[in-house]
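Please find below some notes on the model you sent round, arranged as numbered points. They take up one sheet and one contact between chains.

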Amino acid sequence: MIRFLGSRLLRAAITIVMVVTFAFVVLRLSGDPAQIIMGADAPPEAVEAFRAAWGLDQPVWVQYFNYFGAILQGDLGRSMRDGRDAIVLVAERIPATLALTLPALAIKIGLGIPAGITAALHRNSFIDRAVMMLAVAGFTIPSFVLGLLLVLVFAVQLGWLPSGGQDSWRHAILPIITLGVGGAAVLARFTRSAMLEVLGQPYIRTASAKGVPWRSVVWGHALPNAAIPTVTIVGFMVGSLIAGAVVVESVFSWPGVGRLLVVAVGNRDLAVVQCILLLVAMTMVTSNLIVDLLYGVLDPRLRNQPRRAAGTA
Amino acid sequence: MTALVALRDLHVAFDGQAALRGIDLDVAPGEAVGLVGESGCGKSVTWLAALGLLPAKAKVTGSVTLDSQQLLGARPETLDRVRGGRIAMIFQDPASSLNPVIRIGRQVEEALRLHRGMRGAAARAEAKRLFDQVGIPDAARRLDAWPHELSGGQNQRVMIAIALAGRPELLVADEPTTALDVTIQAQILTLLQDLRRETGMALVLISHDLGVVAEACDRVCVMYAGRIVEQASVDALFAKPTHPYTRGLLGALPPLDGPRRRLAAIPGGVPEPWAMPPGCAFAPRCGDRMGACDAAMPGAVMVAPGHRAACLLATPKPVAREAVHA
């Protein structure tokens, strides 16, 4: 167990280092932040001074090691725009993003999993076909299209809900639905196929053959097995709680982390972008780690061979 | 003796294609009946259908009675009491027949709770006793094992323990030894025979192996293409096989003594369900085929007391000609 945890933590650390490095390289390749922040017609001396102030005049590898050393000391840098600590800037936005993504996650799980189970239990029936049709529609429609569609109907036509902003809980409804629908659809399809796979297994027939009532066969024998693959998908959803709302926040002018990311990328505000990416990588890696540990809890076959679990996460 | 379980004119079709075409079979209390035939002949389907274990798309007609209680179309609560309680069933692949995420002891205790109302320490003690009875070593510790930690033979013993938990009057064993090593096969067969002696339960042994059936059963039913073509006591079947298919099966067995001879294979293959001949399904492969064979399905004829064959060449015992199939 200790060895397993140790190797997973090492992998997690390596992943985070790779993400940070990749972000660093891409941001340096994609334009000069001094030029962009100071404007195209800023005097060359001013641009030069800006570079010197932010250390952009040093060789890239020096910048890289400085940056890394700072991260290890817990310093994520300051925004080039307003000079505040990047981490503070990002942290301010997290509650707003979670206000959308947490209820959306509840919708995904609360709607998607029961829908998938119901469809599987009524395979090829009207219910199954209806659920699957909705699910296909739900995950094929891009979130910005769905978002605009919802705005068109509920804000513009019916006038029931506001189209954007963050003034009251009513403002959160449309973005939450937009975020939740796609994930619920994915989860419904996934749960359905996991359930069908399990219901076809010989041990389900054994349970029926020993007189277990169908309801208990489903809850006691099928679901614990179907949960194993479903947990993977839910894990990804938990991992994207911070960064999963970039598009939707933009559509609904919601001041969360996602919109901060879009603005910061546009401005080449290096420290802010890197800080967000680091945060995203850390949430993803953490949820993957939890999923790996959950596999061990859910599936006794993986308890003694954690290597097999590692490949699927 | 009245039958414990009686199947009458049992038909099963999947998507309009017949898998069983009229099965009549009685199992008496305490009796051991073997069901043999090639894969796909319907021997497993017969008992899955009888216990209502086939998927919903299977169309089942006919009659299955347990002590004159009709099981076909019975309410789920009724079936749940019968399954595992009065009729238990074990399957071919023990490793995948046990739930991988439930400890084996709990899988036995579940059956004890359902059929004997036992819980907690009492259920656990009884589960341990059952493990001892089916020959699982170190039973007390094994209760907490997972199925993947056990060998195939041990898992089949667990399956048998689950089956015994409800004290069934009939155990249906569907190819219980096919997935196991030969030495383990013999142990499991011996175990089944011992348990039958101890408990007095009836046994239906489904197998493609005539040798296995001959060893463990009193009576044999030979199935071909969804029908029983011959049934007789084990001795009578080996001494006087009547149906050409039975003779073919016996001819394909290597003799234990006497000179070595070439094994006689039955030419051709089983007809596909969508291309079933109008008459006898075995006619296309039969060396004794006559014109009349293709006219209609031959009914079962009693050739001796307790010995019936569904072949036009079978000579009925004078007086009692029994046409079971209309």
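1. Two strands are said to pair if DSSP finds at least two bridges between them. On that basis, β11(B) pairs with strand β12 (residues 307-309) of chain B, since three bridges join these strands, which run antiparallel. Within this pairing, M302(B) stands opposite R308(B) in β12(B). Please keep in mind throughout that this is a predicted model.

2. The pairing belongs to an open sheet of eight strands in chain B, whose order is β6-β7-β8-β3-β9-β10-β12-β11 and whose pairing is mixed. The edge strands are β6 (87-90) and β11 (301-304) of chain B, each of which pairs on one side only. From one strand to the next, the twist averages 20 degrees.

3. Helix α7 (residues 152-165) of chain B packs on this sheet, where it touches both β6 and β7 (170-174) of chain B. The direction of α7(B) makes about 170 degrees with that of β6(B), which is one of the two edge strands.

4. Turning to the contact between the chains, I would note that 20 residues come from chain A and 26 residues from chain B. On the side of chain A that touches chain B, α9 (202-209), α10 (214-239) and α14 (300-303) of chain A each supply at least two residues, and α9(A) gives the most, with seven residues.

5. Which classes of residue make up the side of chain A that touches chain B? By class, that side has ten nonpolar, six polar and four charged residues.

Conventions: Residues are numbered from 1 along each chain as its sequence is written. Chains are lettered from A and ligands numbered from 1 in the order in which they are written. This is a predicted model: local features need pLDDT of at least 70, side-chain atom pairs count only at pLDDT 80 or more; totals for chains, interfaces and linings use all residues. Two residues are in contact if their C-beta atoms, placed from the backbone, lie within 7 Å. Helices (H or I, at least four residues) and strands (E, at least two) are DSSP runs, numbered from the N terminus. Ala, Val, Leu, Ile, Met, Phe, Trp, Tyr, Cys and Pro count as nonpolar, Asp, Glu, Lys and Arg as charged, and the others, Gly among them, as polar. Axes are lines fitted to C-alpha atoms, for helices over the stretch in contact, and angles run from 0 to 180 degrees between N-to-C directions.
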